[in-house]
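This report describes the pockets, salt bridges and buried positions of one protein chain for readers who work with computed models. The sequence and the structure come first, and the description follows.

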Amino acid sequence: MIIQSTRVWINKMFTKAQIEVEGETIVSILPYGLKPVDRDYGNLRIIPGMIDIHTHGGYGYDTNDAGSEGLQMWAKELVKEGVTTFLPTTVTQSHEVLSEAAANVAKYMEEKHEGAQVYGLHFEGPFINKKNKGAQPEQFCRIPDVKEFREFQDAAKGNIKLMTIAPELDEDFALTHYCAQNGVVISIGHSGATYDEVMLAAANGAKSVTHVYNGQTGLHHREPGVVGGVMRNHDLYGEIITDGNHVTFPAIYDYAIQKGYKAIMISDSLRCKGMVQGVYDLGGQSVEIRANGSCYLVGTNTLAGSTLKLNEGLKNLIEEVQLPLDMAVSMSSSNAAELLGIADKKGYIAANHDADFVVLNDDYTVKETYVLGKAQLSEN
């Protein structure tokens with residue numbers, strides 16, 4: 001199959017080109033107009049498939065539900081926003097609930113499904129600081145424990161790829177060391193860590209920071225905190241929610257310009273993404289969608305997560321935050337792939353990579369999403 005456009009995202013810029021696909025793989029990038037094409041997308045933008053490394057749910061489903069039908073429906077909906085790869089993300093809960101969720105995702109990954117691909121799990125908690133819990137249920141927050149994590153990983157059949165913890169609670173960085181040695185990315189989040197503790201965590205194997213600015217010590221000129229740590233440490237990646245509610249657009253700009261190609265756009269979406277305004281469950285707590293599109297713990301102003309679609313998040317980065325194109329597009333795909341260690345297959349439109357890419361209309365709605373070479377929307 002050969003498709004083409006006058007705007008294909010290669011080498012961090014839009015270029016006239018053809019994409020040649022065989023089976024699930026991009027085999028070659030060719031000069032525009034060289035060969036007869038199967039699909040000609042004219043002047044529409046073709047970008048790498050977006051990767052969401054932090055998403056709890058959407059369209060009525062939550063990772064903690066541990067249901068395969070809901071997970072499949074969620075994956076099919078995600079391609080409508082241009083997501084081709086994602087990490088279902090847990091909410092802090094009991095050992096039993098989290099183990100069941102891990103086992104469900106592992107079983108799902110063994111099967112063949114349409115829609116966005118599940119690369120693995122993101123465990124957000126339960127090893128987080130109660131003082132910085134945000135909307136996470138306090139009664140289930142606990143001290144990092146290697147033994148308990150190994151039990152979760154066994155249930156997940158080794159598919160926990162990313163883990164959010166509060167490193168100031170990780171005695172002697174035991175869990176950080178264990179995860180770093182076993183291919184699990186440690187991300188600093190829901191944390192009261194000081195700047196110095198962030199730097200020590202990074203030196204001991206932490207690689208990222210979870211939803212920068214939210215659920216962590218902020219930047220102050222006399223105590224830089226977690227935010228100051230991720231901005232200063234050029235080796236740390238950092239997620240950021242780009243809905244404009246969790247973080248203002250100017251603050252997103254400041255962070256992204258500072259981090260460059262280590263900033264990662266996430267949705268941090270809840271089951272209520274794609275649903276009408278109302279009250280929904282999050283880890284046994286009630287949350288509500290408000291008019292601005294974000295979710296809050298019922299009766300409070302505590303943000304619980306978003307209803308953000310990543311194509312809308314990309315639009316925000318380009319049109320509202322006004323980031324350079326190369327930074328914005330990289331935040332939606334390649335930066336996440338680099339963090340997860342899968343950039344040899346995901347995150348780029350390049351030869352020998354998975355044929356995951358998205359065709360965007362000029363208004364940022366998705367015309368077509370290709371997952372492993374297969375068109376998923378077929379709207380035409």
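## Salt bridges and burial

K346 and D356 are both buried, where buried means under 20% relative accessible area, exposed over 50% and partly exposed in between (1.4 Å probe, protein chains only). The model is predicted, so local features need pLDDT of at least 70 and side-chain atom pairs count only at pLDDT 80 or more, whereas totals for chains, interfaces and linings use all residues. Residues are numbered from 1 along each chain as its sequence is written, and side-chain values use heavy atoms, with hydrogens and water left out.

A salt bridge is defined here as a side-chain nitrogen of Lys or Arg within 4 Å of a carboxyl oxygen of Asp or Glu. By this criterion the whole structure contains 14 salt bridges. Three of them are listed below.

| Pair | Closest N to O distance |
|---|---|
| E114 and K374 | 2.7 Å |
| E151 and K147 | 2.7 Å |
| K346 and D356 | 2.7 Å |

In the K346 and D356 pair, both residues lie in the loop between helix 10 (334-340) and strand 21 (357-360), ten residues apart. Helices (H or I, at least four residues) and strands (E, at least two) are DSSP runs, numbered from the N terminus. D354 joins K346 and D356 in a network of salt bridges.

The bridge between E114 and K374 links distant parts of the chain: E114 is in the loop between helix 2 and strand 10, K374 is in strand 23 (residues 374-375), and 260 residues separate them. E114 counts as partly exposed because its relative accessibility is 40%. K374 is also partly exposed, with a relative accessible area of 44%.

The bridge between E151 and K147 stays inside one element, helix 3 (residues 146-155), where the two residues are four residues apart, about one turn of the helix. An α-helix has 3.6 residues a turn, so residues three or four places apart point the same way. E151 is partly exposed at 30% relative accessibility, whereas K147 is exposed, with a relative accessible area of 57%.

## Pockets

On a 1 Å grid over the protein atoms alone, a pocket is an open set of points where a 1.4 Å probe fits, with protein on both sides within 12 Å along at least five of seven lines; lining residues have an atom within 4 Å of a point. Grid points are joined across faces, edges and corners, and a volume is the space filled by probe spheres set on the points.

The largest pocket holds about 380 Å³ of space. It is lined by 15 residues, of which K112, H113, E114, Q117 and L372 are the closest to its centre. Helix 2 (95-110) and strand 10 (117-118) are the elements that give two or more residues to this lining. By class, the lining of the largest pocket comprises six nonpolar, four polar and five charged residues. Ala, Val, Leu, Ile, Met, Phe, Trp, Tyr, Cys and Pro count as nonpolar, Asp, Glu, Lys and Arg as charged, and the others, Gly among them, as polar.

The second largest pocket holds about 200 Å³. Its lining has 18 residues, and those closest to its centre are H190, H211, D268, L303 and A304. Strand 20 (residues 303-305) supplies the largest share of this lining, three residues. The lining of the second largest pocket divides into six nonpolar, ten polar and two charged residues.

## Buried positions

E239 is found in strand 15 (residues 237-241) and is buried, with a relative accessible area of 0%. Its contacts (heavy atoms within 4.5 Å), not counting residues up to four places away in sequence, include H54, H122, Y255 and H211. H211 is also among the residues closest to the centre of the second largest pocket.

S99 lies in helix 2 and is buried, with a relative accessible area of 16%. Apart from residues up to four places away in sequence, S99 touches F152 and A155.

Helix 9 (residues 325-332) is largely enclosed by the rest of the structure, because six of its eight residues are buried. The buried residues are M327, A328, V329, S330, M331 and S332.

## Cysteines

The structure holds zero disulfides, a disulfide being a pair of cysteine sulfur atoms within 2.5 Å. The cysteine sulfur nearest to that of C141 belongs to C179 and is 17 Å away. C141 counts as buried at 7% relative accessibility, and C295 is buried, with a relative accessible area of 0%.
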